[in-house]
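The following note is intended for a colleague meeting this structure for the first time. Its points are best read with the model open alongside.

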Amino acid sequence: MTAITRSTALYTAAQVRDLDSAFIATGVPAAALMKRAGRAAFELLCERYGEPDEITVFAGAGNNAGDGFVVAALAAARRMPVNVVLMGEPEKFSDAARAAYEYARQEGVIMMPPGPAPTSGVIVDGLLGIGINGEVRPEYRKVIEQINSTNLPVLALDIPSGLCADTGAELGVAIKADITVTFIGKKRGLFTGRGPALTGELVFDDLGAPDDIYQSLAAEVTQQDFATLRGALPEREADAHKGDFGHVMVIGGDVGHGGAALMAAEAAARGGAGLVSLATRPEHVAAMLARQPEVMACGVISGQELEPWLARPTVLVVGPGLGQSPWSEQMLQQALATDLPLVLDADALNLIAKGRLWPAGITRDNWLLTPHPGEAARLLGCETTAIQAERFASVQKLQQQYGGVALLKGAGTLVAGAGQPINIISGGNPGMASGGMGDVLSGLLGALLAQGLSAYDAANLGASVHAHAADLAAADGGQVSLLATDIVGYIGEFLGD
C-alpha cells in the first residue's frame, strides 16, 4: 500500500477537528492557531489581489468567522478598506473566535448586519466552515446567493460555505469561490462531487502542524500524486517483446454503436498493451482496420462465434458500445464465463444491474467496474442523486457488493479496492463531458491490467493518465470542442519514459 502523508491524506470534518485538538494539545492555543489561519489567508489575498478597493468579510458564528475577523484586523492594520458583514452573535462565539472578534474591533473594523451586496473589491467567505449539518438555513442561503450574484472574486476560508466537507455535496446552496485556502487537513469534500466546481484554486496550509498529529490519525481517503501512481508501471527491459505486455480484447460495438468499441481498442493500443483485438459486429471490422490497423478486428454474430476467440487474450474490456440486445447479452455472458480479468463499462454494467447474467450478491475479485453515477445507481438500486450526495459511501458499497475494484467516474473520480484507501483522482476538466470519454478510459485500463498492474493500481494510474491527457488536449484545443479521440494521442505523454 502506498504511504499516506499529510499531503496525500484527505479527512472528514470530524477528523480535522481531531487534528485541531491534537495540535492544540502540543501547546499551541486555539487563538494562536486562528491567528495563523487568518494571517495565511490574508497573505494569500494580498498575493493574488494586491490592495483591493474594498475587502468584505462575511462572518458566521463559528471558528470560520474567527479566521475572517483576523483577516479583517490585518487588513485594517494595513489601512485597507475593510468591513465585516456579521451573521453570528458575538456572545455565542467560542473563546478563540471572540478574541479574534475583539481584535478586529480594536483595529477599527466596522461590523455591520447583512445589507446590499458589495459592488467592488474582494469577498472573504467565513460564513459556515466545516461544521454545517443539513441544508443551509434561509438567512444564510439569502446571503450566499447574494455573494454569488456579485461576480466579485471570492476567497473562501477552509471550505466554501454550503459545501459538505465529508461528501462534496452542495447543501442546498453554496459559495462559488475563486480561491479556497484550507487549513490543518485537506477536507475530502473539496475534491469530489460539487467540490471541484465550487472550490476554485485550492491552497493548503498546515499552519506548522507537527508530523506526529498526522501519524496518529488514519486517513481512509487519499489523493496520491501522479509520480507515485506512475511508479506502479514497471520500466520495460531492453529485450522486451509484445508477449510481455499482454493481450487486450475489447468486446462491444453493437449495431449503431461501433465507434465506442473502436475508441476503446485504440486507447488500449496507445496504453501499451502488447496486442489488442476487437470482437464486434462484422460491419465494424473495416472501420477498425482503416482507423488502427494494429488492432486485430474480428466480426462475430453470436456468443458461440466469440467463444474460440477468447482463448488468446489475457484481459477483456467489455461494454463500449455493447448495447442491450440479445447479441449484447451473449457477448457479456461469454466474457463472464472466463476466468480472465475484466474491465466492465457502459452497457455491460447495465446488463449486470438487471440481474439476469450475474447473480445478485456474488462478488468477483478480478474485475474492474467503471460506472458513471447513473450506472452506479442502477447497480445499487437507487437514484443518481443518492450516488452524488454520498459518493464515498457509494463507491465503497459498489466494491463491497460486487468485489474487485470500483471506479466511480465524475468530477473527482473515486477508486475503491478491498483493503485499500479510497483514492481521488486529480486532473480533468469540464470538456470531458462528452461522448466516448469512458470508452477511451476503459481501453486504457485494460492495457494497464495487461501489463501486470493490479486492478487497484491500474484504475488509479489509468484514470489519472486519462484526466491529465484531457487537460493537455484542452490546453491545445480548448475545452468546448474537446473530443474523446483527441486525448488518445496524449496518453504517451504520461506513460512514456
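1. Helix 3 (residues 63–77) lies across strand 2, strand 3 (82–86), strand 4, strand 5, strand 6 and strand 7, where contact means heavy atoms within 4.5 Å. Its direction makes about 160° with strand 3; axes are lines fitted to C-alpha atoms, for helices over the stretch in contact, and angles run from 0 to 180 degrees between N-to-C directions. Helices (H or I, at least four residues) and strands (E, at least two) are DSSP runs, numbered from the N terminus.

2. The model is predicted: local features need pLDDT of at least 70 and side-chain atom pairs count only at pLDDT 80 or more, while totals for chains, interfaces and linings use all residues. Residues are numbered from 1 along each chain as its sequence is written, and side-chain values use heavy atoms, with hydrogens and water left out.

3. The strands beneath helix 3 include strand 2, strand 3 and strand 4, which belong to an open sheet of 7 strands in the order 4-3-2-5-6-7-9, with parallel pairing. Its edges are strand 4 (110–112) and strand 9 (201–205), each of which pairs on one side only. From one strand to the next the twist averages 20°. Two strands pair if DSSP finds at least two bridges between them; strand 2 (residues 55–59) and strand 5 (residues 122–126) have 5 bridges in the parallel sense, and Ala 59 stands opposite Gly 126 in strand 5.

4. Helix 2 (residues 30–49) also lies across strands of this order, namely strand 2, strand 5, strand 6 (154–157), strand 7 (179–183) and strand 9. Helix 2 runs at about 155° to strand 7.

5. Phe 69 is among the residues with the most contacts inside the largest nonpolar core, together with Ile 251, Leu 332 and Leu 344; this core has 105 residues. Leaving aside neighbours within four places in sequence, Phe 69 is in contact with residues including Ala 59, Val 84, Leu 86 and Met 111. A second, separate core of 55 residues includes Leu 229, Ala 264, Leu 368 and Ala 484. A nonpolar core is a set of buried Ala, Val, Leu, Ile, Met, Phe, Trp, Tyr and Cys residues joined through side-chain atoms within 4.5 Å; buried means under 20% relative accessible area, exposed over 50%, and partly exposed in between (1.4 Å probe, protein chains only).

6. An open sheet of 12 strands has the order 8-1-10-19-18-17-16-15-14-11-12-13, and its pairing is mixed. Strand 8 (186–187) and strand 13 form the edges, each pairing on one side only. Strand 1 (residues 9–11) and strand 10 (residues 221–222) are antiparallel over 2 bridges, with Val 221 as the bridge partner of Leu 10. Helix 9 (residues 258–270) packs on the sheet, touching strand 11 (247–251) and strand 12, and makes about 170° with the direction of strand 12.

7. Strand 12 (residues 275–280) and strand 13 (residues 296–299) run parallel and are joined by 4 bridges; Ala 279 stands opposite Cys 298. Between these strands the chain passes through helix 10 (residues 285–291) in a right-handed β-α-β crossover. Right-handed here means that, with the strands pointing away from the viewer, the path from the first strand over the helix to the second runs clockwise.

8. Which residues of helix 12 are buried? They are Trp 327, Ser 328, Glu 329, Met 331, Leu 332, Gln 334, Ala 335 and Leu 336. Because 8 of the 11 residues of helix 12 (residues 326–336) are buried, the helix is largely enclosed by the rest of the structure.

9. Two loop residues merit inspection of their backbone. Most residues other than glycine have a negative phi. Arg 79, however, has a positive phi of about 65°; it sits in the loop between helix 3 and strand 3 and is exposed at 70% relative accessibility. Asn 151 has a positive phi of about 60° and lies in the loop between helix 5 (138–150) and strand 6.

10. Overall, the protein has 20 helices and 19 strands. Its radius of gyration is 26 Å, close to the 23 Å that the globule rule gives for 497 residues, so the protein is as compact as a globular protein of that length; the radius is taken over C-alpha atoms, and the rule is 2.2 Å times the number of residues to the power 0.38. Buried residues make up 57% of the 497 residues.
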